[in-house]
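Subject: Structure for you to look through

Dear colleague,

I am handing over the structure we talked about, and I would ask you to open it before you read the notes that follow it.

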Amino acid sequence: MATAELRRLERSWVEPHGLVARLGTVDHKKIGVRYLVTAAVFFLAAGIEAALMRAQLARPDQNVLDPEQYNQVFSMHGLTMIFLFVTPMLSGFGNYLVPLMIGARDMAFPRLNAFGYWVFLGAGLFMYSGLLIGDAPDNGWFNYAPLSIQPFSVGPNIDFYAIGLLFLGISTTVGAVNFIVTILKLRAPGMSINRMPIFCWAVLATSISIVFAIPSLTVATGLLELQRAWGFHFFDTAGGGDPVLWQHLFWIFGHPDVYIIFLPAVGIVSTVIPVFSRRSLVAYDWVALATMATGLLGFGVWVHHMFAVGLPQVSLTFFAAASTIIAIPSGIQVFAWLATMLKGAPVIRTPFLYVLGFLVTFVIGGLSGVMFAAIPFDQQVTDSYFVVAHFHYVLFGGAVFPIFAGIHYWFPKITGRMLDERIGQASFWLVFVGFNLTFFPMHIAGLLGMPRRVYTYPSGMGWDVYNLLSTIGSVILVLGTLAILVNVVQGLAFGPPAGPDPWSANTLEWSTSSPPPPYNFAQIPVVRSADPGWDGLSEPSDLVLPEGHQTPATMPLDADLAAALEMPSESLVPLAAAAAIALVCAGLIADLYWLAIAAGVAVALTLAFWHGPRETGPVEPAP
Amino acid sequence: MTTVELPVRPIGRPTGWWGMLIVVITEATLFAILLATYFYTRFSSPGPWPPDGEPDPRLLKPVIMTLLLMASSVTAYMAELGSRTGNLRRLHAGLAATFALGLSFLILQGFEYHEKLAELRPSTNAYGSLFYTITGLHGSHVIVGLLILAWTQFFAWRGAYASENHVAVQVSALYWHFVHVVWLFVFASLYLSPRL
């Protein structure tokens, strides 16, 4: 490539300095890092809430928290972990990595991407502002009616829940739209759909699930807020409604959401295992299909959250069968990973250790999950600590271990520096031991009858020792998390340079420098297999597109070149639109309807300004 | 180094169209779940439907509203065709007609609400809540559609969609078709099904 062309490319993509450029950036890497850091801060907040609960439950009859505080703390812990940590954390990985993995220069809609981040931040702060004034949601993360409506809920607590989740749903939805179009339209030439990295398959399956699942949450929270604010009737029998309706609406969203959380995490696992086993993933096609099948089947199992409600036996049987079937695609993936490790020559490094930790905990959580599909067993342990143990094994084991693996694996790409291997391995053992010590005893406490969500318990129930063990475990878990934090801080300051490809990996993000330049790839890569880093055939092409912010678009299945797209540069409009929506929410919660309406008009005006035709006009194809 | 070549003309649908398609899919799911909620409430409530002695909804205005939206989808398609073939007169006429038809729909809905609110309010019972929530949400989609059409029209007059750059027209039309099709389901569920 001519040096002059490279210089033109660099000039086109240079980002101006200053506050406006910083707030208005649309670079998917910067937005991705923002997602990762913000979600990590929410993780620490949720960790503090968890520590408070474990302190309260360490021994019987404690008074660290009063009952109302305890309700708010466990509700915020669940809401934060699900909505403000795991989902956005994985969005952060997706934002940073998907364009790099598919050889693109940005997401399909860069300004929408920035908008999604600002909305996420606003919604998170909105939900936490309830905690600051002592009126946070206090009815758990699934917020069953009728405890969520008058006369059982009088303060604004549940309004923070309903309006906050409506607000956050915008961010999740636009993020999913962006991922789907990016993955279908922006892959590098030659990366046909059967050569796409498994992580991208996972993000695609997750995004499709989001498109169909979030509307159900939107309906549930929207109807709830209409009932609370204006006296509509949906969930109260006196007005002709039905509290069980809430459970259906919530879990039609809520169970797919488990896979929305789990699939990208599994995508990280399928990425890390081949690299550290030094061979391609065994049964790539099956893993890709299993990923899509899990997303699809996830929509057919929601009633297994409601086995104890009193629904007709025939519908219970159907959903029990569906819940058993969903173990099949998960099993396919587990065996593909095991075969990859068996056929390869594994090299133990911190990311790989965390993946092994994932395998152990996830299989345990999966086994207790299959137990719930047996209806009589489920009815025995419903609302007991056995359930708490199970879902921490699948969610902490299934999502947080892979996230920790991802942090250690991509830290060199994102920062250009290596983490310390000894601190990394030490952190793994602390997290692994701490996790199992915290959550394994909960299985037993649950089987002994300890109900979840109680703020304290009397002694003499036989639960004391298991609770004390859990609390000791949580201290070790906190130490492990702190070790990761220390490692990240020291890595940023003193880590040795990573170079472009410290792991000799197979995917495209490792074929550019660490951290990557604003345009990601100087020459658009051409892909010849599912392992472009290893096949010896995939290489940079002569396509540079040095003018403006251009990236090639390709056809959805075969990835033949279709067009060159002109991408937008920095803009403050996404931030303005998100801020206006935040004002709408503030107006609604404070009953200042004039503010909500004025802010709504501001939203419309910003969106109109955003969507005026661009001045640049149609892009001429390169000669 | 591998040599690759861009096609002379862009092939396939633009990314903006794909984005709007997915937005429409998620919005359609939203309405599907609301209508499912309506039928869930109906079939889990004992006694006649509509409840509390409420008569079946009258059909005259809603039938006219349905015809208006059906016609507006045809005119939106005309506008699309006009922009694709460079026939600017057809583009402007199509957009204007779609806007006028959509606005008439909204005005009729206003009259319909005015009449209905005298006997049934959203806070009366679950039937009233669902009726106004679902039709109200659809009405707000009509308003958004009209704003999009007006904005597209404004730029059409300034000549923005003269040549190949007609993505905005295509995307606005796609959204408008959605507003039309989803109304057919709302109409069948809320107005026709109680008579079955």
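Gly124(A) sits in helix α5 of chain A, which covers residues 110–132, and as you read on please keep in mind that this is a predicted model. Is Gly124(A) buried or exposed? The residue has 25 C-beta neighbours inside 10 Å, and because 20 or more are enough for a residue to be called buried, Gly124(A) counts as buried. If we leave aside the neighbours within four places in sequence, Gly124(A) is in contact with Phe42(A) and Leu84(A). As for Leu281(A), which lies 157 residues from Gly124(A) along the chain, the C-alpha atoms of the two are separated by 37 Å.

From this buried residue we can turn to the largest nonpolar core, which has 242 residues, and in which Ile180(A), Cys200(A) and Val272(A) touch the most other members. Helix α8 of chain A, residues 243–277, gives the largest share of this core, namely 21 residues. For Cys200(A), the residues touched, not counting those up to four places away in sequence, are Val98(A), Met101(A), Ile102(A) and Ile183(A).

In chain B, a pair of helices deserves a careful look, namely α2 (residues 60–85) and α5 (residues 167–192), whose axes come within 9 Å and cross at roughly 160°. Because of that angle, α2(B) is roughly antiparallel to α5(B), and the crossing in which α2(B) passes α5(B) is left-handed. On the side of α2(B), the residues that make the contact include Pro62(B), Leu69(B), Tyr77(B) and Glu80(B), while among those on the side of α5(B) are Val169(B), Trp176(B), His180(B) and Tyr191(B). Sorted by class, the contact of α2(B) with α5(B) has twelve nonpolar, seven polar and one charged residues.

The last topic is the place where the chains meet, and here you might ask how many residues each of the two chains gives to the contact. Chain B provides 42 residues and chain A provides 51 residues. On the side of chain B that touches chain A, the elements that give two or more residues are α1 (15–44) and α4 (126–157) of chain B, and the largest share, 15 residues, comes from α1(B). That side of chain B divides into 24 nonpolar residues, 17 polar ones and one charged residue.

With best wishes

Definitions and conventions. Residues numbered from 1 in each chain as written. Chains lettered and ligands numbered in written order. Predicted model: local features only at pLDDT ≥ 70, side-chain atom pairs only at ≥ 80, totals over all residues. Contact = placed C-beta atoms within 7 Å. Helix = DSSP H or I, 4+ residues; strand = E, 2+ residues; numbered from the N terminus. Nonpolar A, V, L, I, M, F, W, Y, C, P; charged D, E, K, R; others polar. Axes fitted to C-alpha atoms, helices over the stretch in contact; angles between N-to-C directions. Parallel < 35°, antiparallel > 145°, perpendicular 65-115°, else oblique. Left-handed = near helix turned anticlockwise from the far one by under 90°. Buried ≥ 20, exposed ≤ 12 C-beta atoms within 10 Å, placed from the backbone. Core = buried A, V, L, I, M, F, W, Y, C linked by C-beta atoms within 7 Å.
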